[in-house]
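Please open the structure in your viewer and keep the sequence at hand. The tour proceeds by selections, each followed by a description of what is found there.

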Amino acid sequence: MTNQNCLAGVKCPKCGNENRFLVVATILADVTDGGADIADGSDFHWDDASMTRCPDCDRDGPLSGFRAPSTEKGIAQ
């Protein structure tokens, strides 16, 4: 399956998984003494430096290391 959304261009270089990854993300949290929730208007954020793990083979590293080369001539993702 070729991903076209959040995982576009992402593939495990060790086992070839393209379906699911664990990515360290940043959010804005609304924290009280009773717990935490995602703050209104907040969203998840990650980039190529975010630590990533393949749940199929446990390979980990920055997301940039999971970027599959583009098949378009001269373009790398």
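The stops below begin with the whole chain and then turn to individual residues.

**The whole chain.** Please note at the outset that this is a predicted model. Display the protein chain by secondary structure: there are zero helices and five strands, and the pattern along the sequence reads β-β-β-β-β. Of the 77 residues of the protein chain, 19% count as buried. If contacts are displayed between residues at least 6 apart in sequence, 40% of them join residues at least 24 apart. Switching to a surface view shows an accessible surface of about 5800 Å²; carbon and sulfur atoms account for 48% of this surface.

**The surface patch.** With the surface still shown, select I27, I38, F44 and W46. These residues form a nonpolar patch on the surface, and their accessible area together is about 360 Å². One of them, F44, is located in the loop between β3 (35–38) and β4.

**The aromatic pair.** Next, select F21 and F66. How many aromatic pairs does a search of the whole structure find? The search finds one. F21 and F66 form this pair in an edge-to-face arrangement, with 5.6 Å from centre to centre and 70° between the planes. F21 belongs to the segment before β1 (22–23) and F66 to the segment after β5 (60–62), so the pair ties together parts that are 45 residues apart in sequence. Are these two residues, F21 and F66, buried or exposed? Both F21 and F66 are buried.

**Threonine 52.** Keep F21 and F66 displayed and add T52, which is in contact with both of them. T52 is situated in strand β4 (residues 51–53). Its relative accessible area is 2%, so T52 counts as buried. Leaving aside neighbours within four places in sequence, the contacts of T52 also include L22, V23, R59, D60, G61, P62 and L63. To see a polar contact here, select S50 as well: the side chain of T52 reaches the backbone oxygen of S50 at 3.1 Å.

**Asparagine 3.** Finally, move to N3, in the segment before β1. N3 is buried, with a relative accessible area of 12%. Which residues does N3 touch, not counting those up to four places away in sequence? They are A8, G9, V10 and E18. Select E18 to inspect one of these partners: its backbone oxygen lies 2.6 Å from a polar atom of the side chain of N3.

Notes:
Residues numbered from 1 in each chain as written. Predicted model: local features only at pLDDT ≥ 70, side-chain atom pairs only at ≥ 80, totals over all residues. Heavy atoms only, no water. Helix = DSSP H or I, 4+ residues; strand = E, 2+ residues; numbered from the N terminus. Buried < 20%, exposed > 50% of the residue type's maximum accessible area, 1.4 Å probe, protein only. Polar contact = N/O pair within 3.5 Å; in protein donor to acceptor, adjacent residues only side chain to side chain. Contact = heavy atoms within 4.5 Å. Areas by Shrake-Rupley, 256 points an atom, 1.4 Å probe, with all protein chains shown as cover. Patch = residues over 30% accessible without salt bridge, like charges linked within 9 Å, V, L, I, M, F, W, Y side chains within 5 Å. Salt bridge = Lys/Arg side-chain N within 4 Å of Asp/Glu carboxyl O. Phe/Tyr/Trp six-rings, centres within 6.5 Å; stacked < 30°, edge-to-face > 60°.
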